[in-house]
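Me: I would like to take a close look at a single part of this protein. Please describe one buried position and then the surroundings to which it leads.

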Amino acid sequence: AAIEKGGYDHFMLKEIFEQPQTIFDSLRGRLDAKNGTLTIGGIREHAEMLSKAKRIIIVACGTSWHAGLVAEYMIEELCRIPVEVEYASEFRYRNPVVGPGDVIIAVSQSGETADTLVAIESAKEKGAIILGVCNVVGSSIARLSDAGAYTHAGPEIGVASTKAFTAQLAVLCLIGLKVAIVKGSITKQRFQHLLDELDNIPEKVATVLKLNGRIKEIAAKYKDARDFLYLGRGYNFPVALEGALKLKEISYIHAEGYPAAEMKHGPIALVDENLPVVFVATHDSYYEKVVSNIQEIRARKGKVIAVITEGDQVIPGMADDIIEVPEADELVAPMLSVIPMQLLAYHIGVLKGFDVDKPRNLAKSVTVE
Ligand code: G6P
């Protein structure tokens with residue numbers, strides 16, 4: 001087992017550290033930034049149809065559902081096609097309005113999650129086209145899909161999903177870009193810029209991973225908190241949800257992820273000097289708004305841990321702890337800002353003495369309803 005973990009203490013840590021490579025693998029053979037081209041073999045024949053879709057419904061569970069939420073923001077912006085993101089378990093049981101002309105994207109690491117599988121089975125029977133974004137090659141969801149793209153993150157052993165998530169983001173971004181260029185809803189310049197941004201992500205992830213030691217210190221400082229709040233806006237809102245999920249899964253600390261602006265409709269009542277609040281506050285089009293949300297937390301004495309863009313001059317003066325990640329376009333920034341979320345949860349779980357690779361009550365793949 002020690003050999004399988006490649007010198008790391010846990011599979012989870014190994015998989016977090018694999019991400020520069022796994023993201024690269026998910027882009028390999030598809031993205032050619034130098035020549036400004038993008039090829040996704042598995043959807044080649046469907047790109048035209050996708051560009052004409054009236055709406056896209058993303059169906060998933062857990063961490064994959066969070067990747068779907070990021071994709072909603074990406075695809076709506078790039079393709080100007082309405083996107084809905086559904087929990088597979090809710091979608092399948094409520095007799096959803098779905099049929100010919102609808103495109104469903106099923107996102108699943110394992111490709112075996114029962115709720116996701118049954119949800120797409122019934123949507124397919126009703127005439128929807130199914131695209132699969134799966135990690136496990138030949139899995140049930142991949143086989144049932146009409147088309148799709150594998151994430152190529154390699155086997156994920158840690159129950160808490162990490163590298164599968166960033167690979168999903170990479171592939172969903174590629175799909176959005178492909179559809180946008182076919183549809184003509186993106187300028188050549190923006191397309192090329194995003195290809196370059198994607199191309200640079202693996203290297204930037206490697207830079208974020210160098211903060212591991214610093215994040216471990218932050219983990220030690222806050223590990224005894226009873227609750228955590230995670231906040232973000234826009235592309236970083238799903239990252240906040242994912243940060244809270246990671247913490248719950250492996251450290252058993254209650255954590256809530258929320259859109260930063262929505263906190264004043266409830267969670268702000270929880271804020272006092274004992275509550276650590278993790279802000280995903282990288283420099284994007286929501287930045288100014290997030291800064292005022294940080295002020296609202298500080299005014300109530302909450303402890304602020306902020307993930308920010310390198311060189312930010314404002315938030316360091318307001319936060320208790322900062323984690324700086326490289327600058328990136330907001331569309332691809334979640335692949336960077338989620339890394340500190342994964343490491344923070346990992347270190348808190350380990351410091352509390354829990355088996356982070358096999359958290360209690362959780363399964364790697366949920367093949368029952
Ligand atoms: C389980 C796993 C999660 C995963 C979710 C969806 O709950 O513990 O890590 O995100 O299932 O799994 P899938 O394989 O469909 O992505």
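Reply: Let us begin with Leu-169, which lies in helix α8, a helix made of residues 163-183. The model is a predicted one. Leu-169 counts as buried because 29 C-beta neighbours lie inside 10 Å, and the cut-off for a buried residue is 20 or more.

Some of its surroundings can be named. Setting aside the neighbours within four places in sequence, Leu-169 is in contact with Ala-67, Val-70, Pro-334 and Met-335. In addition, Thr-151 is 18 residues away from Leu-169 along the chain, and the C-alpha atoms of these two residues are separated by 9.0 Å.

Two of these contacts, Pro-334 and Met-335, direct attention to helix α13, which spans residues 334-351. To place that helix, the sheet must be introduced. Five strands form an open sheet in the order β9-β8-β10-β11-β12, and their pairing is parallel. Its edge strands are β9 (254-259) and β12 (321-325), each of which pairs on one side only. On average, neighbouring strands of this sheet are turned by 15° against each other, direction ignored. Helix α13 packs on this sheet and touches β10, β11 (303-309) and β12. The direction of α13 makes about 140° with that of β12.

Within the sheet, one pairing may be examined in detail. Strand β8 (residues 227-232) and strand β10 (residues 276-280) run parallel and are joined by four bridges. Leu-229 has Val-277 in β10 as its bridge partner.

Helix α13 also leads to another helix, α10, since the cover over the buried residues of α10 includes α13, together with β11 and β12. In α10 (residues 212-222), the residues Ile-215, Ile-218 and Ala-219 are buried. These three lie on the same side of α10, because they cover an arc of only 105° around the axis. An α-helix has 3.6 residues a turn, so residues three or four places apart point the same way. Gly-213, Glu-217 and Ala-220, on the other side of α10, are exposed.

Finally, the part may be set within the whole. The protein has 13 helices and 12 strands, and 55% of its 369 residues are buried. Among contacts with a separation of 6 or more, 75% are between residues 24 or more positions apart. The radius of gyration is 20 Å, which agrees with the value near 21 Å that a compact globule of 369 residues would have.

Conventions
Residues are numbered from 1 along each chain as its sequence is written. This is a predicted model: local features need pLDDT of at least 70, side-chain atom pairs count only at pLDDT 80 or more; totals for chains, interfaces and linings use all residues. Helices (H or I, at least four residues) and strands (E, at least two) are DSSP runs, numbered from the N terminus. The radius of gyration is taken over C-alpha atoms; the globule rule is 2.2 Å times the number of residues to the power 0.38. A residue is buried if 20 or more other C-beta atoms lie within 10 Å of its own, exposed if 12 or fewer, and partly exposed in between; C-beta atoms are placed from the backbone. Two residues are in contact if their C-beta atoms, placed from the backbone, lie within 7 Å. Two strands pair if DSSP finds at least two bridges between them. Axes are lines fitted to C-alpha atoms, for helices over the stretch in contact, and angles run from 0 to 180 degrees between N-to-C directions. The arc is that of the directions from the helix axis to the C-beta atoms.
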